[in-house]
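Welcome to a short guided look at one protein model. Keep the sequence and the 3D view side by side as you read, and pick out each residue as it comes up.

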Amino acid sequence: MSSAHQRREHPDTSDPQALPETAERLRVARVGKPHGVRGEVTVQLFTDEPTVRLAPGAVLIRTPGRDTPDRTTASLTVSGQRWNKSICLLTFAGIGDRDAAEALRGSFLHVEVPAEPEDEDGWYSHQIAGFRCVGAQEQDLGTAREIITGAAQDLLSVETPSGEEVLVPFVEELVPGIDVEARTIRLDPPVGLF
């Protein structure tokens, strides 16, 4: 499973978007730059079903990214979806100009899904944030931060013990195993990467 999700074990009752314990948030997209002057935005997709999950009428849960100007968490209703070549463009109800669209840049868009995973051995990319990364001789290589989705291949972002970021191509040869229960990722990086 390549899409990311979050599970709330103990939802905060003061958060109007808190999910019940039986629900999870599946990250489906990240808002990119505005397109035009009427509130349309580009999105980076984290789902293989964009025409279903991001269809007009879909209600999405929005969480701000690191550099998102609008820091509030809110739900957005998709009012339009179209494609410009291979780029998905969305419009949202209530977001009618370029400034409002720009304030959403970097936001993550989530949908609510049942808590039970379809595949017991599977995992979502967001689950591995914080996993310990180890080498072939069990040496500590750092902590997994996230999987960065790329056009050609995905990259595993690892924070080394010295605080530096190392990007490891997320391929079986370099990332041969993930143990969800032990919260570890086994890496076989080329010499000099770490």
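In this predicted model, the largest nonpolar core is made of 20 residues. Those with the most contacts inside this core are Val-28, Val-41, Val-43, Leu-60, Leu-90, Phe-92 and Leu-109. Which elements give two or more residues to this core? They are β2 (23-34), β3 (41-45), β5 (74-84), β6 (87-92) and β7 (108-114). The largest share comes from β2, with four residues.

Val-28 is a good place to start exploring. Leaving aside residues up to four places away in sequence, Val-28 touches Gln-44, Leu-45, Phe-46, Thr-47, Arg-53, Leu-54, Leu-60, Leu-109, His-110 and Val-111. Another core, of 14 residues, lies apart from the largest one. Its members include Cys-133, Val-166, Val-168 and Val-175.

Now for a charged residue on the inside. Arg-62 belongs to strand β4, which covers residues 59-63. Is Arg-62 buried or exposed? With a relative accessible area of 1%, Arg-62 is buried, because buried means under 20%. What does the side chain of Arg-62 make a polar contact with? The partner is the side chain of Ser-107, at 2.5 Å.

Next come the aromatic rings. A search of the whole structure finds zero aromatic pairs. There is, however, a charge to look for over a ring: Arg-27 lies over the face of Phe-46, at 4.3 Å from the ring centre. You have already met Phe-46 among the residues that Val-28 touches.

Phe-170 sits in the loop between β11 (165-169) and β12 (177-179). Phe-170 counts as partly exposed, at 23% relative accessibility. Along the chain, Phe-170 and Leu-187 are 17 residues apart, and their C-alpha atoms are separated by 9.7 Å.

Let us turn to charged pairs. Side chains of opposite charge can pair when their charged atoms come close. How many salt bridges does the structure hold? There are eight, and the table shows some of them.

| Salt bridge | N to O distance |
|---|---|
| Arg-53 and Glu-49 | 3.6 Å |
| Arg-66 and Glu-146 | 3.9 Å |
| Glu-165 and Arg-145 | 3.5 Å |

In the pair of Arg-53 and Glu-49, Arg-53 is partly exposed at a relative accessible area of 24%. Glu-49 is partly exposed too, at 35% relative accessibility. Arg-53 also appears among the residues touched by Val-28.

Arg-66 and Glu-146 meet in a salt bridge through their side chains. Why does this pair tie together parts that are 80 residues apart in sequence? Arg-66 lies in the loop between β4 and β5, while Glu-146 lies in strand β9 (residues 140-148), so the salt bridge links these two places. Arg-66 is exposed, with a relative accessible area of 70%, whereas Glu-146 is partly exposed at 24% relative accessibility.

Glu-165 forms a salt bridge with Arg-145. Glu-165 is found in strand β11 and Arg-145 in strand β9, so this pair ties together parts that are 20 residues apart in sequence. Both residues have some access to the surroundings: Glu-165 counts as partly exposed at 44% relative accessibility, and Arg-145 counts as partly exposed at 34%. Salt bridges that share partners join Arg-145, Glu-159 and Glu-165 into one network.

Finally, have a look at the backbone in two loops. Which loop holds Lys-85? Lys-85 lies in the loop between β5 and β6. Phi of Lys-85 is near 60°, a positive value in a residue other than glycine. At 79% relative accessibility, Lys-85 is exposed, because exposed means over 50%.

Arg-183 is placed in the loop between β12 and β13 (184-186). Although Arg-183 is not a glycine, this residue has a positive phi of about 55°. Arg-183 counts as partly exposed, at 41% relative accessibility.

Key:
Residues numbered from 1 in each chain as written. Heavy atoms only, no water. Core = buried A, V, L, I, M, F, W, Y, C linked by side-chain atoms within 4.5 Å. Buried < 20%, exposed > 50% of the residue type's maximum accessible area, 1.4 Å probe, protein only. Contact = heavy atoms within 4.5 Å. Polar contact = N/O pair within 3.5 Å; in protein donor to acceptor, adjacent residues only side chain to side chain. Phe/Tyr/Trp six-rings, centres within 6.5 Å; stacked < 30°, edge-to-face > 60°. Lys NZ or Arg CZ within 6 Å of the ring centre and 35° of its normal. Salt bridge = Lys/Arg side-chain N within 4 Å of Asp/Glu carboxyl O.
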